[in-house]
Amino acid sequence: MSGNGFCYHSRGTSPTVQNATLTACYTQGNAVFNLTSAQNSISTTPGATFSYYINQSDALAGNGNTITTPTAFPSAGQTVYVLVKNGFCSKVAELQLVKAAQITASIATPGVLTCSNPQVTLNASGSTYPSGATFNWTTTNGNIISGANTLNPVVNAAGTYTLTISNTYQPGNLTCTNTASVTVTGDSAPPTTGLTASSTLICAGQSVTLTASGGATYNWTGLTGNGATQTVSPTTTTTYTVNAVGANGCVSQTPATITIQVTQPITVNNATLLKCYQQGGINYNLTEAQPQITTASGVTFSYYLNAADANAANGNTIANPASFNSAGGQTMYVLVVNGGCKYVVTLQLQTTPQTTLTINPTQQITCTTPQITLNASSSVIPSGSTIAWTAAGGGNIVSGGNTLAPVVNAGGVYTLTVTNVNQPGNLNCSYTASVTVTQNTTAPVAALTSTATQICPGESVTLTASGGVTYNWGGGLPGNGNTQVVSPSGTTTYTVFAVGANGCISTNQATITITVGPPVAVLAASKSKICAGESVTLTATGGVTYEWVGLPGNGSTQIVSPTATTTYSVYALGGNGCKVATPTSITIQVVPAIVSTLQDVYACAGDNAILDAGSGPNYTYIWNTGATTQTISANTPGIYSVTISNGTCSKVFSAQLINPALPQFTNVTYEKIYLP
């Protein structure tokens, strides 16, 4: 039945309807249907409303006996009636409710996995399902070998296996499923063998412990027992093999192997390093002892301060064994490694007996101390040492060159060398120390001055010597000071030797002669020839005071400005006023002043003019044009200057060359003249 309907008063449009089917997945008892989910299958008329009835008559009557909860209607399968209304028009459609066929997944109990039964086939043939149903197996921790989309998959690992049976119904594309799970137990996996050794590199004669892992028992190749450990003592490099056997009885498919390398022993010895004594410690090269320790090749050496560290072969080694500072008398420990063979030997750091050279400060060699004794007696020197002094820089050893107290007589550098030979190894140790001896035997140079070298009878004069510390005066003068006051009655020569601080006496004596009698003046002038108007300074020497002829004052200088050639005279006066009968004179020549006739000249533009400087005695000329003649010719207006010299003075004169303004003709007239 489809589409029974009616309209009232022709108001509204009759809806389009069709019968439909609604399917629900199987459950025991009634299935629950959502009737409203079939509305689109019944009618697509816009704005239509749906009411659901158990009885057709109620639906046709459109009364209120509707299904109260159409979204959850329980039913084992039946026909319900749907009233579809659109305005005042309505139709009734049938909705067939179908409960899907039963789907029940059921899995039989599986067998147990073992090494003899490494895989099992799961059996879900007892499941209930409709024709066309599909099958899908999944697993947690297990492994499906084949048949994952059948009821009988093959598996080979313990785990949980889940079967899902599905079937899809139309209309509505409804998929119904049911699942069941089963757990497969057992263990058929072979173990993985592991093998380690307490050491893979040993020295011949040592033992090593092999430890296998991964199984419950072990099959050792060439060794007895099936435990996890073996203690072996191979004499040569050997490879060991083991297979693990699991608790499930499975044997590992791949055996484990390990190779123990065996090194043959070498000969090692304790060693000693002997070094020459040094203050402040000695830098030992510890590696130098390696040939003493062993002659084997391919050996490594590690150096330690402590025996415990060396025996432990840890990292507390000496960082730089090639330069290890020690005062000596110390025991080091050396780890010698040759493959798997390890040895710890001692290395004695020894030093030769203390040798310390000390040379006392020295005196200076002088004229009063011509030789000195060097003193190195405070040095510490082992018995049997050899002593030798050498000199450089001008030094000279007089005696004792193989003792600690040589005698020397010259300045220079003196070096003490002490050598000793030590055992073992004939170690030759050499020590040096130097001292510089200064020498001062330079004779002083004597000099002698006097407050005056000429005096009047009865006057005194002070002699002053220099160049020494003390002085040896000649002529019977007493004392050794640097001054003497003498009053000679006649002209006398005095002598003196200088004695230096070093006791050396000047090679030559200094002398000075004191003349007794009136002094004679020496007169000089700053210029002997001047130009008129210049000044000149006169300077007199030789007296205590001076008597100028025709000039005031008794000083040693006069400034004069003669206008003509003039002679000046002066007497030198002694301390008591004595003087000679004739004065000393000097003539100052006065050269006439330089004059010039140079004056301004006029010339028309482009014409030459002559500039004349004028002539005079001994005149020379230098023009600003570079010309050196008395006259020059010029045609350029301007100032021209000339410097005129006469050999004594010079003077500059200037003049101008002027172009005068020429008259301009503004009108020219003429008249006829008749000759008679």
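In this predicted model, the span of residues 119-189 is 0% helix and 55% strand, and its end C-alpha atoms lie 11 Å apart. The UniProt record, in an unreviewed entry, lists these residues 119-189 as "domain: PKD".

Further along the chain, four strands form an open sheet in the order 21-26-25-23, with mixed pairing. The edges of this sheet are strand 21 (271-275) and strand 23 (300-304), each of which pairs on one side only. Direction ignored, neighbouring strands of the sheet are turned against each other by 25 degrees on average. Strand 21 runs parallel to its partner, strand 26 (residues 341-351), and five bridges link the two; within this pairing, Lys 275 has Thr 351 of strand 26 as its bridge partner.

A pairing of the antiparallel kind is found between strand 44 (residues 536-541) and strand 46, which are joined by four bridges. The two pairings are set out below.

| Strand pair | Sense | Bridges |
|---|---|---|
| Strand 21 and strand 26 | parallel | five bridges |
| Strand 44 and strand 46 | antiparallel | four bridges |

Strand 46 (residues 557-560) also shows an alternation of its side chains, in that Gln 558 and Val 560 point to one face and are buried, whereas Thr 557 and Ile 559 point to the other face and are not buried. Which residue of strand 46 is the bridge partner of Leu 538? The partner is Gln 558, a residue whose side chain belongs to the buried face of the strand, together with that of Val 560.

Technical notes. Residues numbered from 1 in each chain as written. Predicted model: local features only at pLDDT ≥ 70, side-chain atom pairs only at ≥ 80, totals over all residues. Heavy atoms only, no water. Buried < 20%, exposed > 50% of the residue type's maximum accessible area, 1.4 Å probe, protein only. Pairing = 2+ DSSP bridges. Axes fitted to C-alpha atoms, helices over the stretch in contact; angles between N-to-C directions. UniProt positions renumbered as here; feature names shortened; annotations may be inferred.
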